[in-house]
Structures are given as C-alpha cells and as structure tokens.
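Work through the exercises below with the sequence and the 3D structure at hand. Each task is followed by a solution in steps.

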Amino acid sequence: MIGEEERTAVDRVLRSGMIAQGPEVASFEEEFSSHFVRSRPAVAVNSGTSGLHLGLLAAGIGPGDEVIVPSFTFAATANSVALTGAQPVFVDIDPVSYTIDPSAVEAAVTGRTKAVLPVHLYGHPAKMNELNELAAKYSIAVYEDAAQAHGACLNGKPVGTFGEFAMFSLYPTKNMTSVEGGMVAASETLARQVRLLRNQGMEQQYHNEIVGFNTRMSDVHAAVGRVQLTKVDSWTQSRRDNARFFDENLHGVGIPMVDQGAQHVYHQYTIRVPEDRDGFVSALRDKYSVGAGVYYPIPNHRLPSLARYATGTEMPATEQAVREVVSLPVHPGISIRDRERVVEAVNELAGAGA
Ligand SMILES: *Cc1c(COP(=O)(O)O)cnc(C)c1O
C-alpha cells in the first residue's frame with residue numbers, strides 16, 4: 001500500500017537532484033538492518049531475484065556445484081541458482097508448514113552439494129535449526145529466501161539471521177515494498193562482495209576489482225522503502241489479526257498450521273481444499289467476488305524452464321500442495337466486512353461440497 005508519506009518522500013528525493021544510489025539507499029540499508037536482522041550488514045539491490053543471484057555468486061556458487069532448493073516455491077529461487085551455472089536440486093516440502101523438508105534435504109546431499117536454500121514460504125519460517133544441523137554435519141552452507149517473510153521469527157530469532165546470506169524481496173505484492181527492490185543480509189565478507197557485484201565491481205569509482213553488474217537500487221526507491229519500514233509492523237499485526245479471524249471462523253477446509261516456536265507473518269493465508277480446488281477458486285471469484293490465488297499451481301521441477309534439472313525424485317507433499325492450496329486475501333488492506341465475506345463464502349462453498 002502506497003500512501004501520502006511515500007509520495008512526499010519520492011517528491012523530496014526527486015527535488016534534491018540526487019536520485020541514483022546515494023544517501024537514501026545508505027539510510028534504508030541501515031534502517032532495514034536494525035529493523036529486521038539485528039543490525040547484520042544489509043545491501044540494497046534492484047530486485048529480490050538480483051539479491052539471490054548476487055548472494056549466490058558472492059558465496060562462490062558456480063558451475064559444478066549443487067544447491068538444494070524446494071520445488072514448491074516461486075521460480076526465482078531456482079532461477080537464481082541456475083543463473084550462476086550451478087545445478088538446483090529440487091526436493092520435497094514438509095506438508096504442515098510447506099517449507100523444505102530437512103529429511104529430503106539430507107537424502108539429496110552429494111559430494112557436489114554446496115548449500116541448501118530454504119524458502120520461508122507464505123511468511124512461515126523454514127526449519128532452520130534442523131537445516132543448520134545438517135549443514136554442520138555435511139559441511140554445506142545455508143542461505144535464506146526470505147522474499148515473503150519480513151519479520152518472521154523462529155523462537156524469537158528473526159529470519160535473515162540464520163543463513164550465510166538472506167534475501168528479502170521488496171516487490172509491491174510482498175509484505176513491504178520499494179516499488180521494485182531487494183535486500184541482502186549477510187556476513188560482512190559476503191556483504192562487501194555483494195556491494196561490489198551490484199556496482200560493476202567497484203568500491204572506489206573506476207577502480208573495478210571484479211566483473212560485476214549494475215543491480216543498484218535508486219534513492220527514489222529507497223525513499224519509498226524507508227517510509228514502508230515505519231508501517232510494516234502494524235501491517236504484520238493486521239495480517240496476524242486477519243489470520244486469527246480466519247483460523248477461528250473457517251470450517252470444512254484445512255487452515256494453515258504453524259510450527260512450534262514459529263512466528264508467521266502471513267504473506268499468504270493458505271488453506272487446503274482437497275476436492276476440486278480449481279472449481280472452488282472459480283466459484284469464490286464468480287459467485288462471491290473473492291479474489292483467491294493459487295501459489296503455486298506448477299512445481300518448479302515440472303516447469304518448462306526448470307524441468308531439465310529434475311532428478312526424478314518423488315515429491316508427494318509438493319504434488320499434493322499444488323493440487324490443494326488456495327490463498328485467501330489476508331493483506332492489511334482488507335476491511336472487517338471483507339474478511340467476514342471471505343469467511344461466509346468459504347464456509348458456504350466448503351459446506352456445499354461436503
Ligand atoms: C518474490 C519472490 C522472489 C523474487 O523477488 P523479486 O523481488 O520479485 O525479484 C524470490 N523468491 C520468492 C519465494 C518470492 O516470493
């Protein structure tokens with residue numbers, strides 16, 4: 001949601017004449033870092049996808065390496081691995097939290113495995129403690145795709161502080177936005193490498209140290225992100241309130257489960273509809289004008305773009321999820337009346353199907 005404050009901030013930056021990466025980006029990085037990742041270094045880039053790509057390159061991932069990823073996620077997770085020249089190795093999810101299944105990760109480890117890249121899907125933290133144990137056991141790294149999980153925690157520890165690096169997306173549909181953008185939280189060593197990669201390999205102007213990209217964030221975008229940082233906590237609270245209302249009032253569908261110790265930020269509120277999910281979504285839209293979404297209808301290992309990386313490993317929890325999931329509107333923009341209408345519609349449809 002973009003308000004008056006964001007418009008004012010953009011106008012202030014445009015009038016200043018300093019509009020490319022500059023002081024606003026530096027302030028946004030500092031504020032984001034202290035807000036979400038306990039002051040770990042944070043580096044702003046032009047998208048979440050760039051953040052993942054640069055984080056992986058900074059960590060030295062490349063041809064010949066394997067990185068274990070869930071198949072049940074947005075394609076950007078595996079795309080970023082593939083773009084480094086490494087092989088994304090798809091594994092199944094845990095059916096309760098929809099996050100990567102640590103036992104499936106363990107079964108997929110080979111001599112080439114360099115890292116595992118869990119996704120905090122829908123805003124629910126992945127099983128970071130189990131993954132960190134595996135990482136120690138097999139000497140592999142853990143990274144984080146936190147695109148959907150600004151502010152999510154595991155036993156009070158925020159996502160973005162577990163992996164060697166973590167990426168947060170700032171795309172408009174995410175829990176907060178900079179219009180387009182991404183933030184990489186990392187160790188100081190990796191953060192410096194990401195800073196070099198986003199700006200042609202330069203720390204000092206025209207003294208290029210490595211071959212890099214232009215994936216900088218502009219001060220105009222950072223100004224929007226800084227304002228959003230002042231609002232995101234109250235939005236997360238609204239998401240949680242809406243989720244609690246759904247938890248207490250929905251009947252006849254599978255409501256989202258939360259792992260012990262996990263604090264969900266409900267980027268999506270995702271239910272399961274075991275019978276005729278697609279008919280259910282169409283009826284919600286056509287009969288009740290409720291806009292529900294399916295994230296994601298095709299698992300990555302069956303996408304035309306990524307199927308070449310499929311290994312033939314069976315993923316029953318993933319296949320079931322792609323058939324059953326429906327995400328209901330849970331964002332802070334919905335009114336009390338809207339969420340009541342969602343409950344009435346879902347309960348009527350679920351009751352009619354029973
Ligand atoms: C949105 C998203 C991304 C990519 O972020 P962009 O800012 O859109 O590039 C990556 N992974 C997941 C899980 C996402 O939801």
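**Exercise 1. Strands β12 and β13**

Task: find how many bridges pair strand β12 with β13, and in which sense, parallel or antiparallel.

Solution. Strand β12 covers residues 269-272, and it pairs with β13 over 4 bridges in the antiparallel sense. Helices (H or I, at least four residues) and strands (E, at least two) are DSSP runs, numbered from the N terminus. Two strands pair if DSSP finds at least two bridges between them. One position to check is Thr270, which stands opposite Ser327 in β13.

Next, take the side chains of β13, residues 325-328. Val325 and Ser327 point one way, Val326 and Leu328 point the other way, and all are buried. Buried means under 20% relative accessible area, exposed over 50%, and partly exposed in between (1.4 Å probe, protein chains only).

Two notes on the source apply throughout. This is a predicted model, in which local features need pLDDT of at least 70, side-chain atom pairs count only at pLDDT 80 or more, and totals for chains, interfaces and linings use all residues. Residues are numbered from 1 along each chain as its sequence is written, and side-chain values use heavy atoms, with hydrogens and water left out.

**Exercise 2. Two open sheets**

Task: give the strand order of the open sheet of 3 strands and of the open sheet of 4 strands.

Solution. The sheet of 3 strands has the order β8-β7-β11, with antiparallel pairing. Its edges are β8 (157-158) and β11 (262-263); each has a single partner strand, so one side of each is left without a neighbour in the sheet. Strand β7 (residues 153-154) is joined to β11 by 2 bridges, and Cys153 has Gln263 of β11 as its bridge partner.

The sheet of 4 strands has the order β1-β10-β9-β6, with mixed pairing. Here β1 and β6 (144-145) stand at the edges, each with a single partner strand, so one side of each lacks a neighbour in the sheet. Within this order, β9 (residues 165-169) and β10 (residues 182-186) run antiparallel and are joined by 5 bridges. Phe165 has Ala186 in β10 as its bridge partner.

**Exercise 3. Parallel pairs around β4**

Task: which residue of β4 is the bridge partner of Ile68, and which residue of β5 is the bridge partner of Val116?

Solution. Strand β2 (residues 66-70) runs parallel to β4, joined by 3 bridges. In this pair Ile68 is matched with Val116 of β4. β4 also runs parallel to strand β5 (residues 141-142), with 2 bridges. There Val116 has Val142 as its partner.

**Exercise 4. Helix α10**

Task: compare the expected span of helix α10 with the distance between its end C-alpha atoms, and explain why its buried residues lie on the same side.

Solution. Helix α10 has 12 residues (277-288). The expected span of a helix is 1.5 Å times one less than its number of residues. For α10 this gives 16 Å, and the end C-alpha atoms are 16 Å apart, which agrees.

The buried residues of α10 are Arg277, Phe280, Val281, Ala283, Leu284 and Tyr288. They cover an arc of only 160 degrees around the axis (taken from the directions from the helix axis to the C-beta atoms), which puts them on the same side of α10. After the helix comes Ser289, whose phi is positive, near 55 degrees.

**Exercise 5. The ligand**

Task: which residues are closest to the ligand, and how many surround it?

Solution. 16 residues surround the ligand, and the closest are Thr49, Asp145, Gln148, Ser169 and Lys174. A residue is near a molecule if one of its heavy atoms lies within 4 Å of it.

Now list atom pairs with oxygen atoms of the ligand. A polar contact is a pair of N or O atoms within 3.5 Å; within protein, one must be able to donate a hydrogen and the other to accept it, and residues adjacent in sequence count only if both atoms are side-chain atoms.

- Gly48: a polar backbone atom, at 2.8 Å.
- Thr49: a polar side-chain atom, at 2.5 Å.
- Gln148: an N or O atom of the side chain, at 2.8 Å.

Taken alone the ligand exposes 380 Å², and the protein buries 93% of that. Accessible areas come from the Shrake-Rupley method with a 1.4 Å probe; for residues, only the protein chains shown count as cover.
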